[in-house]
Amino acid sequence: HQQLEAASEAAQNEALALRASLAHGEHKLEALQRHHDIWLGHRVRMEGEAEEMHREVEAAHEELEEKDLLHRSVLASHHREQGDSQQELHRVRLSVQEHILRDERGLEEASKESSLWRERAYRSEAAMCQL
């Protein structure tokens with residue numbers, strides 16, 4: 001009978017120890033679950049922030065690409081205008097040179113004609129004086 005009581009007491013002690021161990025294990029599991037939930041929350045938040053930063057970077061990149069395209073377009077337009085202006089400048093220079101040559105010829109002809117008129121006037125005056 002004492003053996004049964006001793007065995008029963010030992011079994012009860014073992015059951016108490018197992019329950020205490022189970023309670024400790026459940027407490028540890030709950031703590032690990034809370035810890036896991038906290039880290040999962042941090043991870044989800046960090047992933048959300050990373051995605052937001054990625055979207056911001058993509059938007060900034062797109063904006064830069066749009067500005068680059070606009071600048072390239074404006075630069076190409078300025079190059080075309082510069083080419084057109086250079087062609088116009090060349091055309092105007094040629095035209096001015098032609099006008100200068102024409103004016104020089106006209107001045108030369110006018111000078112010759114003026115000399116002829118002076119000579120005629122001088123002869124006419126001389127002829128009048130001889131009369």
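**Figure 1. Accessible surface of the chain in the predicted model.** The accessible surface of the chain amounts to about 12500 Å². Carbon and sulfur atoms account for 58% of this area. Among the 131 residues of the chain, 0% count as buried.

**Figure 2. Fold and overall dimensions of the chain.** The chain contains one helix and zero strands. With a radius of gyration of 55 Å, well over the 14 Å given by the globule rule for 131 residues, the chain is therefore more spread out than a compact globule. Along the principal axes, the C-alpha atoms occupy a box of roughly 190 × 20 × 10 Å.

**Figure 3. Placement of charges along the chain.** The chain carries 17 positive and 28 negative charges. A distance of 12 Å separates the mean position of the positive charges from that of the negative charges.

**Figure 4. Close-up of Q87 in helix α1.** Q87 lies within helix α1, which covers residues 2-130. The relative accessibility of Q87 is 59%, so this residue counts as exposed, the cut-off for that class being over 50%. H24 stands 63 residues away from Q87 along the chain. Between the C-alpha atoms of Q87 and H24 the separation is 93 Å.

**Figure 5. Close-up of R120 and W117.** The charged end of R120 is placed over the ring of W117. The distance from this charged end to the centre of the W117 ring is 5.3 Å. As for contacts between aromatic rings, a search of the whole structure returns zero aromatic pairs; a pair would require ring centres within 6.5 Å.

Technical notes. Residues are numbered from 1 along each chain as its sequence is written. This is a predicted model: local features need pLDDT of at least 70, side-chain atom pairs count only at pLDDT 80 or more; totals for chains, interfaces and linings use all residues. Side-chain values use heavy atoms; hydrogens and water are left out. Rings of Phe, Tyr and Trp (its six-membered ring) pair if their centres lie within 6.5 Å; planes under 30 degrees apart count as stacked, over 60 as edge-to-face and the rest as tilted. A charge sits over a ring if NZ of Lys or CZ of Arg is within 6 Å of the ring centre and within 35 degrees of the ring normal. Helices (H or I, at least four residues) and strands (E, at least two) are DSSP runs, numbered from the N terminus. The radius of gyration is taken over C-alpha atoms; the globule rule is 2.2 Å times the number of residues to the power 0.38. Buried means under 20% relative accessible area, exposed over 50%, partly exposed in between (1.4 Å probe, protein chains only). Accessible areas come from the Shrake-Rupley method with a 1.4 Å probe; for residues, only the protein chains shown count as cover. Lys and Arg count as positive and Asp and Glu as negative; His and the chain ends are not counted. The place of a charge is taken as NZ of Lys, CZ of Arg, CG of Asp or CD of Glu.
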